[in-house]
Amino acid sequence: MKTINLFAPFLLAGALALAQNAKVGPELQNADSKSNVQVIVQFDKDPTDAYHQKVLSRGGSLRASLHSVNAGAYTMPASAIADLAKDPTVVHISVDHKIS
């Protein structure tokens, strides 16, 4: 029983880390932190200027508002993605793929 109690905090911390990364699409998990990436950030509601500012303040730029899916298309530093994912208003961050 002592062993379980000893490891419980570490298991909880690991679970929380995985849950946080669940907001970030798999293609962004290992993105080069020195690069800029084109992403779609989905929020918990239609993004306002204050929501867009959450990305802009992390070095991003707004490319398009996607009101029908409560999101915005941005270019932002890959190094800022994990921090943005911690924001409770962010539902998901994924790569913005070109559609041909």
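This text walks through a predicted model of one protein chain, from its overall layout to single residues.

Start with the layout. The chain holds 4 helices and 4 strands. Read from the N terminus, the order of elements is α-α-β-α-β-β-α-β. Of its 100 residues, 29% count as buried. Take contacts between residues at least 6 apart in sequence: 70% of them join residues at least 24 apart.

Next, the strands. Strand 1 covers residues 36-43. Strand 1 runs antiparallel to strand 3, and 7 bridges join the two. Strand 1 also runs antiparallel to strand 4, here with 5 bridges. Two residues show how these pairings look in detail. Gln42 has Ala71 of strand 3 as its bridge partner. Phe43 has Val90 of strand 4 as its bridge partner. Strand 2 joins in through strand 3: 5 bridges link them, again with an antiparallel run. In that pairing, Leu62 stands opposite Tyr74 of strand 3.

The side chains of strand 1 alternate. Val37, Val39, Val41 and Phe43 point to one face and are buried. Asn36, Gln38, Ile40 and Gln42 point to the other face and are not buried.

Gln38 is a useful residue to inspect on that second face. Is Gln38 buried, partly exposed or exposed? Its relative accessibility is 35%, so it counts as partly exposed; the partly exposed class runs from 20% to 50%. Leaving out residues up to four places away in sequence, Gln38 touches Arg63, Tyr74, Thr75, Ser94, Val95 and Asp96. Gly60 is 22 residues from Gln38 along the chain, and their C-alpha atoms are 9.4 Å apart.

Now turn to the buried side. In soluble globular proteins, nonpolar side chains tend to be buried together. The largest nonpolar core in this model has 17 residues. Within this core, Val39, Val41, Ile81 and Ile93 have the most contacts. Strand 1, helix 3, strand 3, helix 4 and strand 4 each give two or more residues to the core. Strand 1 gives the most, with 4 residues.

Ile93 shows what such a core residue touches. Neighbours within four places in sequence are set aside here. The contacts of Ile93 include Val39, Ile40 and Val41. Ile81, Leu84 and Ala85 are also among them. Ile93 further contacts Lys23, Val24, Gly25 and Leu28.

Helix 3 comes next, at residues 49-56. Which of its residues are buried? They are Tyr51, His52 and Val55. Seen down the helix axis, these buried residues fall within an arc of 100 degrees, so they line one face of helix 3. On the other side, Asp49 and Ala50 are exposed. The buried residues pack against strand 1, strand 2, strand 3 and helix 4. Tyr51 has a charged neighbour as well. Lys54 lies over the face of its ring, 5.3 Å from the ring centre.

Strand 2 and strand 3 form a hairpin, with 4 residues between them. On the strand 2 side, look at Ser65. Ser65 has a relative accessibility of 32%, so it counts as partly exposed. Beyond residues up to four places away in sequence, Ser65 touches His52, Ala71 and Gly72. His52 is one of the buried residues of helix 3. Ala71 is the bridge partner of Gln42. The C-alpha atoms of Ser65 and Val41 are separated by 9.9 Å, with their positions 24 residues apart along the chain counted as sequence distance.

The hairpin turn deserves a last look. Asn70 lies in the loop between strand 2 and strand 3. What is the phi of Asn70? It is positive, about 55 degrees, although Asn70 is not a glycine. Most residues other than glycine have a negative phi. Asn70 counts as partly exposed because its relative accessibility is 26%.

To recap, strand 1 pairs with strand 3 and with strand 4. Its buried face holds Val37, Val39, Val41 and Phe43. Helix 3 packs its buried residues against strand 1, among other elements.

Conventions:
Residues numbered from 1 in each chain as written. Predicted model: local features only at pLDDT ≥ 70, side-chain atom pairs only at ≥ 80, totals over all residues. Heavy atoms only, no water. Buried < 20%, exposed > 50% of the residue type's maximum accessible area, 1.4 Å probe, protein only. Contact = heavy atoms within 4.5 Å. Lys NZ or Arg CZ within 6 Å of the ring centre and 35° of its normal. Arc of directions from axis to C-beta. Core = buried A, V, L, I, M, F, W, Y, C linked by side-chain atoms within 4.5 Å. Pairing = 2+ DSSP bridges.
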